[in-house]
Amino acid sequence: MVFPIVGGTQSTGDFITNSLRFNNPDDPNLSTTFSSAGNRRTFTISAWVKRGNIADDHTLFGQGGTSSGNPRGVLFFANSLRFTNNTSGSSTDTDVETNAKTRDPSAWYHAVVAVDTTQGTAANRVKLYLNGEQQTDLANSTYPDQNFEMGWNNNVLHTVGRYPNNDAYHMDGYISEFYFIDGTQYAASNFGETNDNGVWIPKDAKDDLTFGTNGFYLQFQQTGTGTNSSGMGADTSGNDNHLAVNNLAATDVTVDTPMNNFCTLNPLNSSASVALSEGNTKHTNSGANDQASAATMGFANGKWYWEIKCVDKGEVGINLNSDILQLANDSSVGSNDANFKLTGLITNSAGGSNDFRHNGGTESITSVSVSDNDIINIAVDADNGKIWFGKAGAWFNSGDPAAGSNEAKDFSGAYTSGNFITPVGLIATGDGDILEYNFGNPSFSISSGNADANGYGNFEYAVPSGYYSLCTKNLAEYG
């Protein structure tokens, strides 16, 4: 069994600060063609991955020609981890696939593919690891012949996040800590370790590894688009094997990492006509009315802050009884849905009134005007049962979350202590209405850059004193 990693609660020193977000429709990828072949018999691929749209198949790493050349990849195929190779002809000479699944969009997974075709035992020639465990329960187990030379590490196109010559299997989600090792078959334990809580976490492995001629290490610490040390594809192994950047922007470099996992929206808990994108931070209504999506994280205690860019009208707020919140496959979610006790701000950025809803009832709210692309501020005090709404850093009705005064709603009477409170978004009407959520890992451009008091998150407006972003490190301390 593979247990998903939801984020570290014990710090070993935050040597991982970034990940790179891949949005499938954009055809995002990093690419390189090695100037000469490396060791085609022995190599290792290691990366941490947080998946987005789990309904699709995704490429972590691919190799092959641009129009021919039998491309193959490291895939999340039907939610399994799969490694394939096809060096010549139409037949596949290597196909190893796990029965274990990677279908939790809230989790970071560590995937390792370790290859050494010189091994005498066939099963040792390709080893797949998930979260530190070598996978021996396999759906496919076609191993290469001994001493077989693969297309991998040849002087052909290699791509992170895309199948090289096929407009399919684009990566959707986040990648962090990407290693390609030329000439050594490493185990997962070379890249990660189990902490005191029994959780598999990354370790700072760079100085203990031999990268070989074509090896590279991607930490995603830069935001440039050039094929150099300032680009998103910068190689920090010391080899300077930088990758080209394709269809990626500076906003795709995020602070959501396997050492500090940030909240997103949850495709497993969204209504039928909701389309999530941008690493599950963008909610688009693709048809019917009353389409909702819930977040991957909730809280029973503490004080929390997040922002929503209302690209077009929608309803934003919290659900008070997440133990019964079930949105998946709902054709619609009405205001009186028994599973949906929403306390939220109803924005009508296309014109008309803006209202407030609590537990199925609608109330007017004064001094509220919301236009397209306005950023809404939300602060929730779970300890005292209060919620505040604002726009562009100014709280409605002279609210003051830090002082605990002039809240939009005191929901303590409708909230059962100990239940998890879950952020939600609801599109009430119209096809194409859009909400972009920022729990500290925005998909839209931030001009000012504000973190919480612990230094976590990236927000457009200042986080109220005593409030925190929704991430695993803060939840471990306050949630």
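Entry 1, terms. I take a residue as buried when its relative accessible area is under 20%, as exposed when that area is over 50%, and as partly exposed in between. I keep in mind throughout that I am reading a predicted model.

Entry 2, R40. I looked up the relative accessible area of R40 and found 17%, so by the cut-off of under 20% I enter R40 as buried. I then looked for a charged partner and found that R40 forms a salt bridge with E149, with 3.8 Å between the closest N and O atoms. R40 sits in the loop between β2 (29-33) and β3 (42-51), while E149 sits in the loop between β11 (138-142) and β12 (157-160), so this pair ties together parts of the chain that are 109 residues apart in sequence. For E149 I noted a relative accessible area of 39%, which means that this partner is partly exposed.

Entry 3, R41. I next asked myself which residue forms a salt bridge with R41. The partner is E149, and the closest N and O atoms of R41 and E149 are 3.8 Å apart. Here too the pair links distant parts of the chain, since R41 belongs to the loop between β2 and β3 and E149 to the loop between β11 and β12, 108 residues apart. I find R41 partly exposed, at a relative accessible area of 30%.

Entry 4, D95 and R82. I turned to the salt bridge that D95 forms with R82, and I recorded 2.6 Å between the closest N and O atoms. D95 is in strand β7 (residues 94-98) and R82 is in strand β6 (residues 80-85), so the pair ties together parts that are 13 residues apart in sequence. I count D95 as buried at 11% relative accessibility, and I count R82 as buried at 16%. Going back over shared partners, I noted that salt bridges join R40, R41 and E149 into one network. For the structure as a whole, I have 8 salt bridges on record.

Entry 5, I16. I asked whether I16, in the segment before β1 (19-22), is buried or exposed. At 5% relative accessibility, I16 counts as buried. Setting aside its neighbours within four places in sequence, I listed the residues in contact with I16, and these are S176, E177, P202, T257, P258 and M259. I also looked up the C-alpha to C-alpha separation of I16 and F220, which is 9.4 Å in space for two residues that are 204 residues apart in sequence.

Note on methods: Residues numbered from 1 in each chain as written. Predicted model: local features only at pLDDT ≥ 70, side-chain atom pairs only at ≥ 80, totals over all residues. Heavy atoms only, no water. Salt bridge = Lys/Arg side-chain N within 4 Å of Asp/Glu carboxyl O. Helix = DSSP H or I, 4+ residues; strand = E, 2+ residues; numbered from the N terminus. Buried < 20%, exposed > 50% of the residue type's maximum accessible area, 1.4 Å probe, protein only. Contact = heavy atoms within 4.5 Å.
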